Amino acid sequence: MPSKTFVPAFEAKVGNWTYYSCLMSYAAVAREINFAHELGGNQDLGTMIQRGVGTRTTEITNYLLSNENRFLGAIIVAAWGGAPEYIPLEMEKSSENSDVLAGMDRNFGVLTFDGTHQFFALDGQHRLKAIKDAIKRNPELGREDITVIVVPHFDDEAGRRRTRRLFTNINRNAVKTTAQENIALDEDDGFAILTRRLLDDHEFLRQDGVVQVFSKVGNDGELKLATRQVGVTGTAWTTIGVLYDLLTDLGFGLHESMNKTSQRATDEILDESYEVLAKRMDELLAVCGNMRDRYEAHAAPRDLRAPKGRDGEGHPFMRPAVQVQIVRAARHVIEQRLLEWPELLRRLGELDWTMSSAPFSAVWQETPDAARKGKMIPSKENNQALYELLLVHLAPASRAQIDRAIRGYRQVKNERYPVVAEELARRLPVAVEEN
């Protein structure tokens with residue numbers, strides 16, 4: 001005869017559903033709860049009641065095994081064959097506790113898991129799989145707890161239709177955090193943590209208006225984080241999302257734990273990484289057209305981006321799209337050991353830091369007039385062309401790479417590149433030139 005497991009639970013109602021909210025240990029969850037396909041569901045389109053279990057469970061398993069701050073949200077479980085066995089209970093009251101306990105036991109009872117009912121994860125099957133795998137590797141995790149919500153499921157056409165509707169409603173109405181919200185809130189991603197720290201502590205980046213964090217702040221608690229674009233009239237140098245990307249690409253050579261977004265690096269590693277990233281950011285802001293000094297000295301930073309009537313004379317490092325490609329190219333050059341960091345900075349400083357000049361003209365479209373007006377070209381192809389041109393301006397590896405970059409510019413701009421290949425070839429390594 002199978003053993004019984006009694007689980008404290010509250011019976012609740014919403015809409016036309018009766019459900020039960022209870023607390024179960026990971027061990028009980030792993031033992032008592034199955035997957036739909038194991039019970040005859042999800043065998044074909046007709047019996048499908050949820051999406052299948054994907055391959056993303058390894059990351060959750062590792063999170064449970066390695067992160068002391070681990071926490072999983074509730075799993076929604078369906079009782080195969082109808083309502084689970086629920087026994088209502090009343091708390092014993094006395095003259096001493098009657099006032100305190102009044103109403104506390106409303107809808108309180110126990111669910112019975114005795115093998116006569118079968119349960120499957122309706123929402124949270126990836127969490128269930130991760131729990132099962134994790135406690136095989138570390139049985140001590142079986143003592144930890146998770147909230148489980150139990151609903152009835154009837155294995156007939158009407159029951160499957162009702163369960164499918166519940167599954168899709170849960171997932172359709174779930175609102176995932178945006179990339180910007182993750183940067184603002186994540187306490188495990190090292191680069192998100194240091195993005196926020198730079199915004200608090202860095203002498204330049206912490207100044208009001210330098211980094212756009214919010215695009216809207218409502219009166220009723222509404223907060224809308226900035227996108228990746230700075231508006232035409234905006235005064236910011238960059239946005240929080242772009243700053244995160246810049247720091248991530250500038251993070252070459254840091255401790256490997258900085259690249260683990262689900263496991264926080266140690267405070268010592270975070271401190272060391274902050275110093276490195278802050279220094280590299282300072283150096284870029286200096287060599288990329290004297291960005292910081294010009295920004296702080298400018299009465300109207302938006303005019304530094306695009307001087308009125310002379311947009312093409314604006315500073316390219318005021319454009320987030322350009323910032324991203326510069327740092328992306330810098331990382332490639334360093335990781336491929338084409339240059340050391342000081343020499344890379346020197347070569348960046350030699351570029352013509354004017355928006356309409358090469359190589360930045362790859363993402364710039366001037367209007368055909370003498371006023372040098374124009375606009376950014378946001379296409380993926382133009383951004384890639386800028387990246388490839390930056391590589392050959394800074395550290396070309398071969399003549400073929402130079403020719404390919406110039407050809408790419410001609411394809412996206414339909415015009416001749418203003419710098420000839422021979423001039424770029426002067427920076428080829430000596431061994432390449434001799435061949």
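Let's start at a single pairing: Ile-76 has Ile-149 of β8 as its bridge partner. Keep in mind that this is a predicted model.

Now widen the view to the strands. Ile-76 sits in β4, and that strand covers residues 75–80. On one side, β4 runs parallel with β8, residues 145–153, and six bridges link the two. β4 also pairs with β7, residues 118–123. That pairing is antiparallel, with five bridges. Look for Trp-80 here: Gln-118 of β7 stands opposite.

How many residues of β4 are buried? Six of six, so the strand is mostly covered. The side chains split into two sets. Ile-75, Val-77 and Ala-79 point one way. Ile-76, Ala-78 and Trp-80 point the other way. Both sets are buried.

Next, helix α6, residues 179–185. Glu-181 belongs to this helix. Is Glu-181 buried or partly exposed? Partly exposed: its relative accessibility is 29%, and the buried class needs under 20%. Glu-181 also has a partner to point out in space. Ile-240 is 59 residues away in sequence, yet the C-alpha to C-alpha distance is 9.9 Å.

Last stop, the surface. Which residues gather in a patch of positive charge? Arg-404, Arg-407, Arg-410 and Arg-416. Take Arg-404 as the example. Arg-404 lies in helix α15, residues 399–413. Its relative accessible area is 45%, so Arg-404 counts as partly exposed. That value also passes the patch cut-off, because patch residues need over 30%.

To recap: β4 is mostly covered and pairs with β8, while the four arginines form a positive patch on the surface.

Definitions and conventions: Residues are numbered from 1 along each chain as its sequence is written. This is a predicted model: local features need pLDDT of at least 70, side-chain atom pairs count only at pLDDT 80 or more; totals for chains, interfaces and linings use all residues. Side-chain values use heavy atoms; hydrogens and water are left out. Patches are made of residues with over 30% relative accessible area and no salt bridge: like charges are joined within 9 Å, nonpolar side chains (Val, Leu, Ile, Met, Phe, Trp, Tyr) within 5 Å. Accessible areas come from the Shrake-Rupley method with a 1.4 Å probe; for residues, only the protein chains shown count as cover. A salt bridge is a side-chain nitrogen of Lys or Arg within 4 Å of a carboxyl oxygen of Asp or Glu. Lys and Arg count as positive and Asp and Glu as negative; His and the chain ends are not counted. The place of a charge is taken as NZ of Lys, CZ of Arg, CG of Asp or CD of Glu. Helices (H or I, at least four residues) and strands (E, at least two) are DSSP runs, numbered from the N terminus. Buried means under 20% relative accessible area, exposed over 50%, partly exposed in between (1.4 Å probe, protein chains only). Two strands pair if DSSP finds at least two bridges between them.
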